[in-house]
Amino acid sequence: GHAHTRRLFDAGMERGEFRTDVPAEWLVSVYYALLHAAGDDVRAGRLDAETALHALVTTLRATFSPPS
């Protein structure tokens, strides 16, 4: 759940795998919002599952990667 996801983000931030310029709690909120948005778009027929997965993974990588 939420606490487990928060611990994953905290650990990733400590290792430099995730951005640290925003709070971990914000990253958790964004993560769940994107998951729900992808599911909503598939259920509504706006995206097929393959396209939604690609969009989700691409957006998560861009959102959570440390700034260059």
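This passage walks through the helices of the chain, how they pack, and which charged side chains pair up.

The structure is a predicted model. It's an all-helix affair as far as regular elements go: the chain has 3 helices and 0 strands, and from the N terminus on the order is simply α-α-α. The C-alpha trace spans about 40 × 30 × 15 Å along its principal axes. Out of the 68 residues in the chain, buried ones make up 22%. Contacts were also sorted by how far apart the partners sit in the sequence. Taking the contacts with a separation of 6 or more, 46% link residues that are 24 or more positions apart.

Next comes the packing of the helices. Two packed helices are described by the angle between their axes and the distance between the axes. For H1 and H2, the axes come within 9 Å and cross at roughly 125°. An angle like that is neither over 145 nor in the range 65 to 115, so H1 counts as oblique to H2. The crossing of H1 past H2 is right-handed. On the H1 side, the residues that take part are His2, Thr5, Arg6, Phe9, Asp10 and Met13, and they meet Ala24, Glu25, Leu27, Val28, Tyr31 and Tyr32 of H2. Sorted by class, this contact has 7 nonpolar, 2 polar and 3 charged residues.

Thr5 gives a close-up of that contact. Thr5 sits in helix H1, which covers residues 2-14. Is Thr5 buried or exposed? Its relative accessibility is 8%, and because buried means under 20%, Thr5 counts as buried. Leaving aside residues up to four places away in sequence, Thr5 touches Val28, Tyr31 and Tyr32, and those three also appear on the H2 side of the contact with H1.

The other pair is H2 (residues 24-43) and H3 (residues 49-64), whose axes come within 9 Å and cross at roughly 165°. That angle is over 145, so H2 runs roughly antiparallel to H3. Here too the crossing is right-handed. From H2, the residues involved are Leu27, Val30, Tyr31, Leu34, Leu35, Ala38 and Val42; from H3, they are Ala49, Ala52, Leu56, Thr59, Leu60, Thr63 and Phe64. The class count for the contact of H2 with H3 is 12 nonpolar, 2 polar and no charged residues. Leu27 and Tyr31 are worth spotting in the structure: they belong to the H2 side of the contact with H3, and they are also listed on the H2 side of the contact with H1.

Glu50 is another residue of helix H3. With 67% relative accessibility, Glu50 counts as exposed, because the cut-off for that label is over 50%. How far apart are Glu50 and Val28 in sequence and in space? They are separated by 22 residues along the sequence and by 23 Å from C-alpha to C-alpha.

That leaves the charged pairs. Side chains of opposite charge can pair when their charged atoms come close. The chain's count comes to 6 salt bridges. One of them joins the side chains of Arg6 and Asp10, at 3.0 Å from N to O. Why are these two about one helical turn apart? Because they are 4 residues apart in helix H1. Arg6 has 29% relative accessibility and so counts as partly exposed, and Asp10, at 25%, is partly exposed as well. The pair is also part of something bigger than a single bridge, as Arg6, Asp10 and Glu25 are linked in a network of salt bridges. Arg6 and Asp10 are on the H1 side of the contact with H2, and Glu25 is on the H2 side.

Another salt bridge brings together the side chains of Asp21 and Arg19, 2.7 Å apart from N to O. Arg19 has a relative accessibility of 19%, so it counts as buried, given that the cut-off is under 20%. Asp41 forms a salt bridge with Arg46, with 2.7 Å between the closest N and O atoms. The partners in this pair get separate labels: Asp41 counts as partly exposed at 23% relative accessibility, whereas Arg46 counts as exposed at 55%.

Technical notes:
Residues numbered from 1 in each chain as written. Predicted model: local features only at pLDDT ≥ 70, side-chain atom pairs only at ≥ 80, totals over all residues. Heavy atoms only, no water. Buried < 20%, exposed > 50% of the residue type's maximum accessible area, 1.4 Å probe, protein only. Contact = heavy atoms within 4.5 Å. Axes fitted to C-alpha atoms, helices over the stretch in contact; angles between N-to-C directions. Parallel < 35°, antiparallel > 145°, perpendicular 65-115°, else oblique. Left-handed = near helix turned anticlockwise from the far one by under 90°. Nonpolar A, V, L, I, M, F, W, Y, C, P; charged D, E, K, R; others polar. Salt bridge = Lys/Arg side-chain N within 4 Å of Asp/Glu carboxyl O.
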